[in-house]
Structure formats: structure tokens, C-alpha cells
Amino acid sequence: QVQLMVSGGGLVQPGGSLRLSCAASGSFFSISVMCWYRQAPGKQRELVARVSSGGRTDYADSVKDRFTISRDNTKNTVDLQVHTLKPGDTAVYYCYAHILGGDYWGQGTQVTVSS
């Protein structure tokens, strides 16, 4: 059993910042990739950032240079720092991990960008 605990969502004004955190707990030996997804109302869930076990990162064009994904393999955590937030970033953000052939999702955390 693997559980992903997510925290850090909230309401911010345009131009603001947040730090989303995801911590994996349970019985496992390795995490091959960790990702952040988001889903806006009525829209398909989309990949916004991912980081491999070796530290390679990729970002969606819409968030590149504004979002930063990082992981700590000793703590089994992945963070997403989001800066210069726009109303279009409003969505439920999900943490994902691929662990030993299994796919695991955390509970979504709401990010709302509004004046």
C-alpha cells in the first residue's frame, strides 16, 4: 500500500506564489517518476511537470519558467513551486507517482487564482 499525501493548495491573487508538496509513504523500494497534474472544471487532466528518478525535469509550455518541480529521494517527496500565478492556473492539482510498476495518485488540492 502506497499513499501520497498532498498539501499546499489555497487561494492566491494573480502574480502570487504557492508551494505544493507531496509525500509518499508505505511499503516500496523505489519511485521511478513523480509528476504533477492539474484539472480545471470541464477540462481534461493535463500533465504540468514531471521529474525522473535521476532528476530530469519536464514542463508544460504554459507553466515553463513559472513552475519548478523538485524531488528529495531521501524523503520520498516531490514539490511544485508555482510563481507568477494566473487565473488560468486555477485547477485541482494532483500528485502522481510510478512505483514498482504501479500507478498512484494523491488527493487533489485546489489552487484558485483570483482577485
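## Loops, core and bonds in a predicted model

T84 lies in the loop between strand 8 and strand 9. The structure described here is a predicted model, and the values that follow were computed from its atoms. T84 has a positive phi of about 45° although this residue is not a glycine, and at 45% relative accessibility T84 counts as partly exposed. N76 also has a positive phi, of about 55°, without being a glycine; this asparagine is found in the loop between strand 7 and strand 8, and its relative accessibility of 24% makes N76 partly exposed. A further loop residue, G101, sits between strand 9 and strand 10 and is exposed, with a relative accessible area of 62%. From G101 to G8 the separation is 93 residues in sequence and 28 Å in space, taken from C-alpha to C-alpha.

### The nonpolar core

In soluble globular proteins, nonpolar side chains tend to be buried together. In this model the largest nonpolar core has 29 residues, and those with the most contacts inside it are W36, V78, L80 and Y93. The elements that give two or more residues to this core include strand 1 (2-7), strand 5 (46-52), strand 7 (67-72), strand 8 (77-82) and strand 11 (109-113), while the largest share, five residues, comes from strand 9.

V78 illustrates how such a residue is surrounded: leaving aside residues up to four places away in sequence, V78 touches L20, S21, C22, M34, W36, V51, I69, S70, R71 and C95. The residue that follows, D79, has its place in strand 8 and is buried, with a relative accessible area of 14%. With the same exclusion of residues up to four places away, D79 touches R19, L20, S21, C22, W36, T68, I69 and S70. With S21, D79 also makes a polar contact of 3.2 Å, which joins the two side chains.

### Cysteines

A disulfide is a covalent bond between the sulfur atoms of two cysteines. The structure holds one disulfide, formed by C22 and C95 with their sulfur atoms 2.1 Å apart. The torsion about the S-S bond of C22 and C95 is about -80°, so the disulfide is left-handed. Because C22 lies in strand 3 (residues 18-26) and C95 in strand 9 (residues 91-99), the pair ties together parts that are 73 residues apart in sequence. Both C22 and C95 are buried.

Why is C35 not bonded to C95? The sulfur of C35 is 8.5 Å from the closest cysteine sulfur, which belongs to C95, and that is too far for a bond, since a disulfide requires sulfur atoms within 2.5 Å. C35 is itself buried, at 5% relative accessibility.

### Aromatic rings and a charged neighbour

The structure holds three aromatic pairs. In one of these, the rings of Y37 and W105 have their centres 5.0 Å apart and their planes at 55°, so the pair is tilted. Y37 lies in strand 4 (residues 33-39) and W105 in strand 10 (residues 102-105), so this pair ties together parts that are 68 residues apart in sequence. Y96 and W105 form another tilted pair, with 5.0 Å from centre to centre and 55° between the planes. Through these ring pairs, Y37, Y96 and W105 are linked into a cluster.

The table sets out the accessibility of the residues in this cluster.

| Residue | Relative accessibility | Class |
|---|---|---|
| Y37 | 19% | buried |
| Y96 | 11% | buried |
| W105 | 39% | partly exposed |

Y37 is classed as buried because its 19% falls under the 20% limit for that class, whereas W105, at 39%, lies in the partly exposed range.

R45 brings a charge to the rings in this part of the model: the charged end of R45 sits over the ring of Y94, 3.8 Å from its centre, and R45 also lies over the face of W105, at 4.7 Å from the ring centre. W105 is thus a residue to look at from two sides, as a member of the cluster with Y37 and Y96 and as a ring with R45 over its face.

Key:
Residues numbered from 1 in each chain as written. Predicted model: local features only at pLDDT ≥ 70, side-chain atom pairs only at ≥ 80, totals over all residues. Heavy atoms only, no water. Phe/Tyr/Trp six-rings, centres within 6.5 Å; stacked < 30°, edge-to-face > 60°. Helix = DSSP H or I, 4+ residues; strand = E, 2+ residues; numbered from the N terminus. Buried < 20%, exposed > 50% of the residue type's maximum accessible area, 1.4 Å probe, protein only. Lys NZ or Arg CZ within 6 Å of the ring centre and 35° of its normal. Core = buried A, V, L, I, M, F, W, Y, C linked by side-chain atoms within 4.5 Å. Contact = heavy atoms within 4.5 Å. Polar contact = N/O pair within 3.5 Å; in protein donor to acceptor, adjacent residues only side chain to side chain.
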